[in-house]
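Hi everyone, thanks for letting me take the slot today. Have a look at the screen, and I'll walk you through what I've been looking at.

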Amino acid sequence: MIIDLSDTTASKIASALVRARASSGSPAMGMVLTLVVVADESSHYDALRAALEAAKEHPSRILGVIPRGGRGAARLDAEVRVGGEAGPGESVLLRLYGDLARHAESVVMPLLLPESPVVVWWPNKAPEVPSQDAVGRLAQRRVTDAAASRRSLETLISQCGSYQPGDTDLSWTRVTPWRALLAAALDQPHSRVTGATVEAERGNASADLLAAWLCRRLRVPTKVKSSRGPGITAAVLHTDAGDVAITRPDGRLARYTVPGQPERHVALKRRDTFELLAEELRRLDPDDVYAETVSELLDRAQANRKGSANGPARTSADERPAGGSDGDGAAGSDAAARPATKSAADRSPAEDALASARKVAKKAAKKAPAEDTTAKQAPAKKAGAKKAPAKEAAAKKAPAKKAAKKAPGRKAAAERASAPRSAGRSARRRTDSDGA
């Protein structure tokens with residue numbers, strides 16, 4: 001049964017629900033909770049379908065809230081569904097216009113089931129602090145989904161910074177099968193675990209939650225590697241006897257490897273949203289394990305920020321060889337003064353760009369002094385070239401005049417013949433000294 005109400009009130013909606021139950025022959029309510037879904041116009045259809053599928057396992061009253069806003073007058077439109085697609089529960093779709101969109105709690109509160117738990121789910125954009133939201137204050141559990149954001153990891157860390165008991169995220173629900181398989185592997189006799197590695201597509205928030213959970217529980221170093229996906233593709237525990245590995249490259253079937261045992265195949269399909277939501281509705285008390293994981297995730301994020309702020313580590317001269325490959329001690333001290341270089345695989349694109357910029361600056365600095373000295377020497381060479389012919393000509397004339405004053409004959413001829421040669425030598429000496 002579908003009842004459309006335009007420009008209505010919360011009391012009229014409650015009366016319509018009572019009449020619809022009576023007309024369908026089920027005046028008693030068998031619902032266990034109230035699920036409030038806060039979505040926008042573009043995503044409310046998929047969100048309500050997921051909520052209705054989850055309500056087959058947990059009969060509930062589903063209140064879909066769509067804040068439309070706008071500058072018009074405050075108005076409330078409702079669509080009531082009882083039976084049919086709603087299953088054993090009920091669903092009400094509320095569209096809030098005008099100023100009423102900023103006070104959704106005033107419409108939701110009269111429609112809550114009496115003496116029943118309340119769960120609020122934001123399928124796309126959630127408030128910065130869900131526990132301080134007007135609708136979030138009405139609920140015992142508040143469910144968000146960081147994967148709906150473009151920057152899922154940053155969104156998850158921001159929400160974890162304001163965590164309150166009762167908060168949870170579907171990114172945590174997605175790792176439940178992975179945690180179960182890893183725990184089952186450690187229930188058997190195993191060697192000492194020395195580390196762990198999680199592989200997932202870039203920016204996957206569930207991978208960082210799984211790594212934080214392993215680090216918290218095992219107290220071993222845990223790292224996250226990027227892969228092509230989809231989702232989490234591998235979780236590996238490094239032990240003294242070998243690796244305990246769960247690999248799922250296709251998102252459906254996983255290979256389960258334990259040292260000393262044959263390889264097994266495990267069904268590990270990526271679950272739909274309604275399955276994740278149904279799992280969260282199974283427990284309405286605060287999740288203590290999630291609270292510990294959130295604390296560990298925040299510590300890891302803070303450590304990463306400090307590491308990036310400090311920059312590359314530098315080594316002292318005592319920790320490096322005294323000389324280079326050619327045995328030059330000066331080269332060794334210069335190398336010790338420089339920061340430790342990273343391999344090409346470890347450097348980020350920003351670090352590569354910075355390194356290339358430094359190389360270009362060094363080459364320009366080396367070329368600049370050479371060009372300056374060449375420019376300074378050029379005028380001197382030109383001046384020397386201009387002065388040399390004049391001095392050489394004067395040197396040639398001076399011996400000729402002296403030779404003319406001396407006695408004639410062979411002696412004079414010999415002197416005249418030798419005069420140009422000696423004059424040329426002396427002129428060349430003077431010219432070289434002037435151009436230096």
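So, start with strand 7, residues 141-144: strand 7 pairs with strand 8 in the parallel sense, over 3 bridges. If you want one spot to look for, find V143, which stands opposite T168 in strand 8. And before I go on, keep in mind that this is a predicted model.

Now zoom out a bit. Strands 7 and 8 belong to an open sheet of 8 strands, in the order 1-4-5-3-2-6-7-8, with mixed pairing. Which strands stand at the edges? Those are strand 1, residues 2-5, and strand 8; each has a single partner strand, so one side of each is left without a neighbour in the sheet. The twist in this sheet averages 15° from one strand to the next.

Next, go to strand 2, residues 33-38. How many of its 6 residues are buried? The count is 6 of 6, so you can call strand 2 mostly covered. The side chains take turns: L33, L35 and V37 point one way, while T34, V36 and V38 point the other way, and all of them are buried.

What does strand 2 pair with? On one hand there's strand 3, residues 60-69, which runs parallel to strand 2 and is joined to it by 6 bridges. There, L33 stands opposite S60. To get from strand 2 to strand 3 the chain passes through helix 2, residues 44-55, and this β-α-β crossover is right-handed. Helix 2 also lies across the sheet: it covers strand 2, strand 3, strand 5 (90-97) and strand 6, and runs at about 170° to strand 3. On the other hand there's strand 6, residues 118-121, which pairs with strand 2 in the parallel sense over 4 bridges. In that pairing, V118 in strand 6 is the bridge partner of T34.

Okay, second sheet. This one is open too, with 6 strands in the order 10-9-11-12-13-14, and again the pairing is mixed. At the edges you'll find strand 10 (222-227) and strand 14 (264-267); each has a single partner strand, so one side of each is left without a neighbour in the sheet. Neighbouring strands here are turned by 20° against each other on average, if you ignore direction.

Inside this sheet, look at strand 11, residues 232-239, and strand 12, residues 242-247. Parallel or antiparallel? They pair in the antiparallel sense, over 6 bridges. H238 stands opposite D243 in strand 12, if you'd like to find the place.

Two helices pack on this sheet. Helix 6, residues 176-187, touches strand 9 (193-201), strand 11, strand 12, strand 13 (253-257) and strand 14, and its direction makes about 20° with that of strand 11. Helix 7, residues 205-218, touches strand 9, strand 10 and strand 11, and its direction makes about 170° with that of strand 9.

Now my favourite part, the rings. There are 2 aromatic pairs by the rule used here. One is Y163 with Y290: it's edge-to-face, with 5.8 Å centre to centre and 70° between the planes. Y163 sits in the loop between helix 4 (152-161) and strand 8 (167-169), and Y290 sits in helix 9, residues 288-310, so to speak across the chain, 127 residues apart.

Then there's W172 with Y290. Their ring centres are 5.6 Å apart and the planes are at 50°, so this pair is tilted. W172 lies in helix 5, residues 170-173, and Y290 in helix 9, so the pair ties together parts that are 118 residues apart in sequence. Put the pairs together and Y163, W172 and Y290 are linked into a cluster. Are these two residues buried or exposed? Y290 has 3% relative accessibility, so Y290 counts as buried, and at 2% W172 counts as buried as well.

Rings also have charges sitting over them. The charged end of R75 sits over the ring of Y97, 4.1 Å from its centre. The charged end of R179 does so with W213, at 5.6 Å from the ring centre.

Last, the whole protein. It has 12 helices and 14 strands. Of its 436 residues, 37% are buried. And if you take contacts between residues at least 6 apart in sequence, 68% of them join residues at least 24 apart. That's my tour, thanks for listening!

How values were computed
Residues are numbered from 1 along each chain as its sequence is written. This is a predicted model: local features need pLDDT of at least 70, side-chain atom pairs count only at pLDDT 80 or more; totals for chains, interfaces and linings use all residues. Side-chain values use heavy atoms; hydrogens and water are left out. Rings of Phe, Tyr and Trp (its six-membered ring) pair if their centres lie within 6.5 Å; planes under 30 degrees apart count as stacked, over 60 as edge-to-face and the rest as tilted. Buried means under 20% relative accessible area, exposed over 50%, partly exposed in between (1.4 Å probe, protein chains only). A charge sits over a ring if NZ of Lys or CZ of Arg is within 6 Å of the ring centre and within 35 degrees of the ring normal. Two strands pair if DSSP finds at least two bridges between them. Axes are lines fitted to C-alpha atoms, for helices over the stretch in contact, and angles run from 0 to 180 degrees between N-to-C directions. Contact means heavy atoms within 4.5 Å. A crossover is right-handed if, with the strands pointing away from the viewer, the path from the first strand over the helix to the second runs clockwise.
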